[in-house]
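Dear colleague,

Please find below the structure that I am handing over to you. My findings follow directly after it.

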Amino acid sequence: MNLTTNYLGINLRTPLVPSASPLTEKIDNVKRMEDAGAAAIVFHSLFEEQVRRDRHDLQYYLDQGKESYAESLTYFPEHADFKVGPEAYLEHIAQAKAAVAIPIIGSLNGTTFGGWTKYAREIEQAGADALELNIYSIPSDPEQSAEDIESHYLTILASIKAQVKIPVAVKLSPFFTNFAQFARRADRHGANALVLFNRFYQPDIELETLEISPNVLLSTPMAMRLPMRWIAMLYGRIGANLAATSGIHRATDALKMLMAGADVTMLCSILLRRGIEHLKVIEREMSEWMEEHEYESVQQLKGSMSQKNCPDPSAFERAQYMRALQSYPERGPA
Amino acid sequence: MRNTCTAKNNPWVPRAPDAVDHLVVTMPANYQTLDANEAVARIAYALSEVIAIYPITPASPMGEWSDGWSANKAKNLWGTVPAVIEMQSEGGAAGAIHGALQTGALSCTYTASQGLLLMIPNMYKIAGELTPTVFHVAARSLAAQALSIFGDHSDVMAARATGWAMLCSASVQEAQDMALIAHSATLEARIPFLHFFDGFRTSHEISKIDIVSEDVLRAMIDEDRVIEHRARALSPDHPVIRGTAQNPDVYFQARETVNPFYLRCPEIVQSAMDNFAALTGRQYKLFEYHGAPEAERVIVMMGSGCEAAHETIDWLNARGEKVGLLKVRLYRPFATRLFLEALPASTRAIAVLDRTKEPGASGEPLYLDCVSALFEQGRRELRAVGGRYGLSSKEFTPAMVKAIYDNLTLPAPKNHFTIGIEDDVSHTSLPFDSNFSIEPDDVMRAQFFGLGADGTVGANKESIKIIGENTENFAQGYFVYDSKKAGAITISHLRFGPRPIRSTYLITQANFIGCHQPLFLESYSVLNDLVPGGTFLLNSPYAYDRVWEHLPENVQHRLIETHAKFFVINAHKVAQESGMGNRINTVMQTCFFAISGVLPPEEAIAAIKDSIRKTYAKKGEEIVRKNLAAVDQTLAHLYEVQIPDAVTARISHNGHHFKGAPDFVRDVLGEITAGRGSSLPVSALPNDGTFPTGTTKYEKRNLAAEVPVWDPKVCIQCGKCVFVCPHSVIRSKVYEEALLANAPASFQSYGARLPEWKGSKYTLQVAVEDCTGCGICVDVCPARNKSEARLKAINMRPQAPLRESESANWDFFLSIPDYDRKRLTNGSVREMQVNQPLFEFSGACAGCGETPYIKLLTQLFGDRLLIANATGCSSIYGGNLPTTPYTKDAQGRGPAWANSLFEDNAEFGLGFRVSLDKQQQFAGELLHRLSPQVGRMLATEILNARQRDEADIFEQRERVAELKRKLEALPDPYARRLLALADTLVRKSVWIVGGDGWGYDIGYGGLDHVLASGRNVKVLLLDTEVYSNTGGQCSKSTPRGAVAKFASGGKRAPKKDLGLMAMSYGTIYVASVAMGAKDEHTLKAFLEAEAYDGPALIIAYSHCIAHGINMTTAMQNQKAAVNSAQWLLYRYNPERARHGENPLQLDSPAPRIAVADYFKLENRFMMLNKTDPRSAKELLGRAQTDVNSRRAFYDFLATRNLIPAPHDELNDKLSRD
């Protein structure tokens, strides 16, 4: 079975790519991913916010209580040099590159211009084959217009593109007034791929302690519906590659995404839940399904169910589809 | 303090222009601005192979530099990285050096004060074996009537009989130079050298000095002598034996064999000095005369005072006087002939000054040496007087120098005088004119008043470097700190001038005064030292056109009187807007350069910016950017204020009130608090070091911008806030409603919720004037407001609007009687927290992790408590003048507290116990004898009293009171003896308190012995896992992977399991607690330890500012430490074994988080990721393994089936005796 695909100008053995997750923090896991058949790996993100906070923390804690009492004028040895930038992340990328043969896609997560372009270049220099930009913010300023937000994103993208030679994917949230328009603008600003969609941290309320607990829920297969719709609608309408992420748990999920038009399918929750080796299962089942259904290659099925190519193009656009609603059994008050 | 040394940048190599800290270098490249500790450590490091270190103020930085350089792989002169090893005490360091020397390494160490005393036994040996080495000593006072960390020569004088050569430096430049001369001469002379310089005044003074080059080092060290040293080493390849025992037949003769070496030594030192002069142009003499060639009056002295005397002599001689100074550099061996030759022939009288005191001696050491020299050399016509000066860094000024010369003009000059104090007891002191000043016009003198940790000192250190390295000026910086760790004032004294600065005393004539905290204007005489026409810079929240009306009356008056130039800036605003938060240092530094004129403004700004880039680049570009933004913003917000003609103030100078304090407290401690302690006469002070307790309450420091405010409706009255409050400022009381009759209107109360207290009222009251605002109470409060969950039962609110009403409420709260302790029975946190703490308002850091344990101790057992306290943080916040936190209850009872030393605390406390037990036993014997007279019933009751709980003790006190009444009426001599001992019949609780530096390291041997003794002593070990008080050096308690000073590459060895070691005896109650993880467990452990009839050890996890944590949420760090099993909670109670139960109860939950998750919360662990990620990863892995295996081992110990132990009669006997 020919599972090959092309993403960001790189030929991949299969469309199965582990997406950014804490799993890549260990080189051992990176090797396991390769062994389990990952076609490429998106690294965990270098968080701009984290780098900044680490610097402030270091400065704060080194200064705390200093030069106050004659016996304890300082509390820490002062070093000649601190690695307060992305050194550890970059070294980790370099180590991963040395450890595996598959492509490594670096991931950069932030919202401001500070440090971004520099870090992108450093990730490239560390050996990453491509870069995924994770523009991650919840717009909460009531004075800020949609246009402001979008052009801010695009400026970031353009400035990164100007700095690096490796392909750049942009991981986005679905929360745009007109996502299709933004996708096209991102495409025109040089995005080599769009990764759909980002899932934000989802704060929860702890009832016992009355505290907000920031955490991420692992995705369920339901989560794939939204990206699948948008991939289907964008397929063939923009030049950038499309990467599907969120809710891909089974081979059939991946197949659906590919049929919608994804060039690659990215997996995270399922690997966290079932283990890295589960990649093998998905790949095997994907092959089996395709064999069973007499498909020859991924290339063949890619986009086959996109809006452009599917039997009922309007289905992707209907906001309220009467049949879908009616299909719910009516329930009385509980 | 910056460490600019890296592997590429050896400490002794002058920094090349591109590595110099600041851009423009107009002076020769070998000028640098640094303090003596750094200057000396550079030399010692370059010339050593083995360096043993142990922290002690003020010498610790020398060890810290050495450790840092070694961790950075900086090489010594011979291209190898010296081995730097931290020892468990100075005694250990001296022993290790002795061994290293015996086996042929070039070795040295650094120390001071008590540390030097601990080295003395080895020093005799090292000298007796004619072994070359140098010990560098930042000379410091010895603990006598009190400890002092400040400078004098008491320590080195105590070592003068050891047979070491003693070489003294008077300035930072000399400290560097003499360090080299000492290392050079010792190899030649084979006599070990003690090189000393004044603690703080020299060790911590920042000065612009000429750095010696590598070439000079090479030229000063004779390689042949190094080879000879190696050849003498012990080796099985050419074995010899040393350290034999000798008998009366030969010991004496053998002791005399060394004389030729001592006779030759002065010449060797002079030759090294001459060699040094040829290399550097700086000529030193063993006895160096300075002054008029035909002087009749000469001062003889050594140390930093020489510098003040030197400049005074120049001033006096320029005005026609003929006086001189003989600086003693080589004190031992004392070269009698050279001493006399160095004195001008015209000399008729000398005053020999000693910076030490030998009570009962016929004179202080240097004086006696000089007198004997005069006598021996037949110069009896020369009049010699001796005097003491400068003990514990007491100021030594030109005015005093002048007074000493004036004394020598008298026909019968005062001998054995003191100078610098008013001795109205023995009348030893010479009067001096405190207004006499010789400060030259061309020296810029600036004072800066800052708040501890606000960056003022750091910015000033940078300013000195900027000026020192960008201009022709010489520069000097000296910094004065407060006696409290939290909210303390710092005063920086900076001088800049065209000549090397010899003014080794504080500035009293300032051209420039910067006040970085506006509140100081109300409580300190900030403008006292401003010269007419001087400049005053104030950071104020008020605009330039409104600031005047907000100045206190005395400040307005002083500004008008001095025709000052007055500048104001809202530095906090500028800092906030530039993203600097509360760090106003860069803003104020920029203002100083902008208005002082010490550099052209543009050059100054460029230099500041360059300095910022150099200083902060390694910490990230944001930090640099924010600081640069602050510089740019500053000038736009700096205003000159036109001073009106008249005082219009509505605010008066606050001073320190000490409202309601007893006379002694107000007149003595109050004066010290107000910064006028130096003016107190001798008679004001106790002659035996005894002070009243309970004095912090008078200080009312008003440190907190925000204080906790109680919301009674939300409060569940759990007592957790009271439990954790490090400063005892949150208190709870339960009382009858009727007592509220006279309560102030804003006084809050609520129905008591505990069933036992039903019907009573409950109040949680905050002492807002004593609060440090740490916020720990709010963090631990578990109760949230149901409608507005961001609020809790206590919430931080601005202090100022509450000050008046809440102080009235506090006073009222104190007037409510305490709850009857006899009625507290259930041993829960919420109940126990109504007990009055007898430890309050200490000067510990805001949010301190140790003090809540001490407070708990006093709440539980304070009225019968004796504390033996090891030197360390707990002895500083516990017993540093002016005011002390241990206090008394309504009956006048409270903890009796004493500190002996660092190393002997367990033994000291054991002494308490043995003594009390003996007296109690004797009292019992007397009572038995007197029982017919006092009543058999009473005697029997007293002798058989159980005294287990509060009620028992209360009853015993009643009985003893009755006994005393009866005894007073008895004429019997036995009755008189018993009366003096009767109180010992009431059980006393002896607690030995100290930190991990004491318990794990320096005092471990004693602690082990005391615990093993079986005696009824309790040990509270406040485990911060680091030497907190001396500034964060590694101890054996430091966990693997933590970065600490002396372990700047991360601690590689695991933490010592002290509890396990103690448990192995099987007879010691051992508990490991962390109140932030489980407060009830902590409380239970304290109660059980006290109840256990034998020795007990509580190891209490104490978070610390040296962990690099958020102090407000520090209790969460404790919780994380426990949840990761990095810290285990357990109790080992031998009583249980007697009942066939497993004595060990593991009270920790199963690990819930990984060690890595705990490490992430603390900079001490995270820092290694920033400096050496590879080691960080490796050590984290090993730390997790440590935790796993330790937890498994404790699980095994706590669950194994025990064969019931046979009744341990011997131990029973021991604990009874």
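In this predicted model, chain A has a radius of gyration of 22 Å, which agrees with the value near 20 Å that a compact globule of 334 residues would have. The C-alpha trace of chain A spans about 80 × 55 × 40 Å along its principal axes. The secondary structure of chain A comprises 12 helices and 12 strands.

As to packing, 53% of the 334 residues in chain A are buried. If one takes the contacts in chain A between residues at least 6 apart in sequence, 72% of them join residues at least 24 apart.

Turning to the surface, chain A exposes about 15,600 Å², and carbon and sulfur atoms supply 51% of that area. Chain A carries 33 positive and 42 negative charges, and the mean positions of the two sets lie 6 Å apart.

I also considered the cysteines. How many disulfides does a search of the whole structure find? Over all chains, the search finds 0. C306(B), for instance, is in no disulfide, and the nearest cysteine sulfur, that of C168(B), is 6.7 Å away. C306(B) counts as buried because its relative accessibility is 2%, and the cut-off for a buried residue is under 20%.

Why does C845(B) form no bond with C848(B)? The sulfur of C848(B) is the closest cysteine sulfur to that of C845(B), yet the 6.4 Å between them is too far for a bond, since a disulfide requires sulfur atoms within 2.5 Å. C845(B) is likewise buried, with a relative accessible area of 12%.

With kind regards

Terms used: Residues numbered from 1 in each chain as written. Chains lettered and ligands numbered in written order. Predicted model: local features only at pLDDT ≥ 70, side-chain atom pairs only at ≥ 80, totals over all residues. Heavy atoms only, no water. Helix = DSSP H or I, 4+ residues; strand = E, 2+ residues; numbered from the N terminus. Rg over C-alpha atoms; globule rule 2.2 N^0.38 Å. Buried < 20%, exposed > 50% of the residue type's maximum accessible area, 1.4 Å probe, protein only. Contact = heavy atoms within 4.5 Å. Areas by Shrake-Rupley, 256 points an atom, 1.4 Å probe, with all protein chains shown as cover. Lys, Arg positive; Asp, Glu negative; His and termini not counted. Charge placed at Lys NZ, Arg CZ, Asp CG, Glu CD.
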